[in-house]
Amino acid sequence: QVQLVESGGGSVQAGSSLRLSCVASGRSFVGFVMGWFRQAPGKERAFVASINWSSGETYYTESNKGRFTISRDNTKNTVYLQMDNLKPEDTAVYYCGGPIIDLKVQAGGYWGQGTQVTVSS
């Protein structure tokens, strides 16, 4: 059974940092792209960042570039999202998902349960 389990969310003040973790189990994602999405209240789930599990190549939306850093630890089957200088508009449920193609989790792909990030001003 494939599982993606996120952790690391919380309630913080604007300007703070958080590091989200996503532990994958049940299959190998070597050679695939995994990443993070977020869903704010009343909005659709949106792509945040992705990483190629094998090469480490990363991709970010322009709005997240410079504040967010995605990384992975192959030995721990874990993908991370370091979020710095958080803003109230970053408040959302953050989901780990993959494999990703064209900034979307492909049909038959996998999602974690989500972790809440709340940023207050």
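Start with the disulfide: the structure holds one, where a disulfide is a pair of cysteine sulfur atoms within 2.5 Å. Select Cys22 and Cys96, whose sulfur atoms lie 2.1 Å apart. Look along the S-S bond and you will find a left-handed link, at -75 degrees. Cys22 sits in strand β3 (residues 18-25) and Cys96 in strand β9 (residues 92-101), so the link ties together parts that are 74 residues apart in sequence. Helices (H or I, at least four residues) and strands (E, at least two) are DSSP runs here, numbered from the N terminus.

Before you move on, a word on what is on your screen. This is a predicted model, in which local features need pLDDT of at least 70 and side-chain atom pairs count only at pLDDT 80 or more, while totals for chains, interfaces and linings use all residues. Residues are numbered from 1 along each chain as its sequence is written, and side-chain values use heavy atoms, with hydrogens and water left out.

Are the two cysteines buried or exposed? Cys22 is buried, with a relative accessible area of 1%, and Cys96 is buried too, at 0%. Buried means under 20% relative accessible area, exposed over 50% and partly exposed in between (1.4 Å probe, protein chains only).

**The open sheet**

Keep β3 in view and colour its sheet. Four strands form an open sheet in the order β1-β3-β8-β7, with antiparallel pairing. At the edges are β1 (3-7) and β7, each of which pairs on one side only. Neighbouring strands of this sheet are turned by 15 degrees against each other on average, direction ignored; the axes are lines fitted to C-alpha atoms (for helices over the stretch in contact), and angles run from 0 to 180 degrees between N-to-C directions. Two strands pair if DSSP finds at least two bridges between them.

Now walk across the sheet, one pairing at a time:

- β1 and β3: five bridges join these antiparallel strands. Select Leu4 and you will find Ala24 of β3 opposite.
- β3 and β8: this antiparallel pairing runs over six bridges. Pick Leu18, whose bridge partner in β8 is Met83.
- β7 and β8: six bridges hold this antiparallel pair. Try Thr69, which has Gln82 of β8 as its bridge partner.

Pause on β8. Five of its six residues are buried, so the strand is largely enclosed by the rest of the structure. Then follow the chain back to the turn of the hairpin that β7 and β8 form, with four residues between them. Select Asn77 in that turn: its phi is positive, at about 50 degrees.

**Arg38 and its network**

Next, select Arg38 in strand β4 (residues 33-39). Arg38 counts as buried, because its relative accessibility is 17%. Show the residues in contact with it (heavy atoms within 4.5 Å). Leaving aside residues up to four places away in sequence, Arg38 touches several, including Glu44, Val48, Phe68 and Val93. Its side chain also makes a polar contact of 2.9 Å with the side chain of Tyr94. A polar contact is a pair of N or O atoms within 3.5 Å; within protein, one must be able to donate a hydrogen and the other to accept it, and residues adjacent in sequence count only if both atoms are side-chain atoms.

How many salt bridges does a search of the whole structure find? There are three, a salt bridge being a side-chain nitrogen of Lys or Arg within 4 Å of a carboxyl oxygen of Asp or Glu. Arg38 takes part in one of them, with Asp90 at 2.9 Å, N to O. Arg38 lies in β4 and Asp90 in the loop between β8 (78-83) and β9, so this pair ties together parts that are 52 residues apart in sequence.

Stay on Asp90, which is buried at 1% relative accessibility, and add Arg67. Their side chains meet in a salt bridge of 2.8 Å, N to O. Arg67 lies in the loop between β6 and β7, so its bridge to Asp90 ties together parts that are 23 residues apart in sequence. Arg67 is also buried, with a relative accessible area of 12%. Salt bridges that share partners thus join Arg38, Arg67 and Asp90 into one network.

**Last stop: Glu62**

Finish at Glu62, in the loop between β6 (58-60) and β7 (68-73). Glu62 counts as exposed, at 61% relative accessibility. Its salt-bridge partner is Lys65, with the closest N and O atoms 2.8 Å apart. Lys65 is partly exposed, with a relative accessible area of 47%. For a distance to try in the viewer, go from Glu62 to Gly109: the two are 47 residues apart in sequence and 25 Å apart in space, C-alpha to C-alpha.
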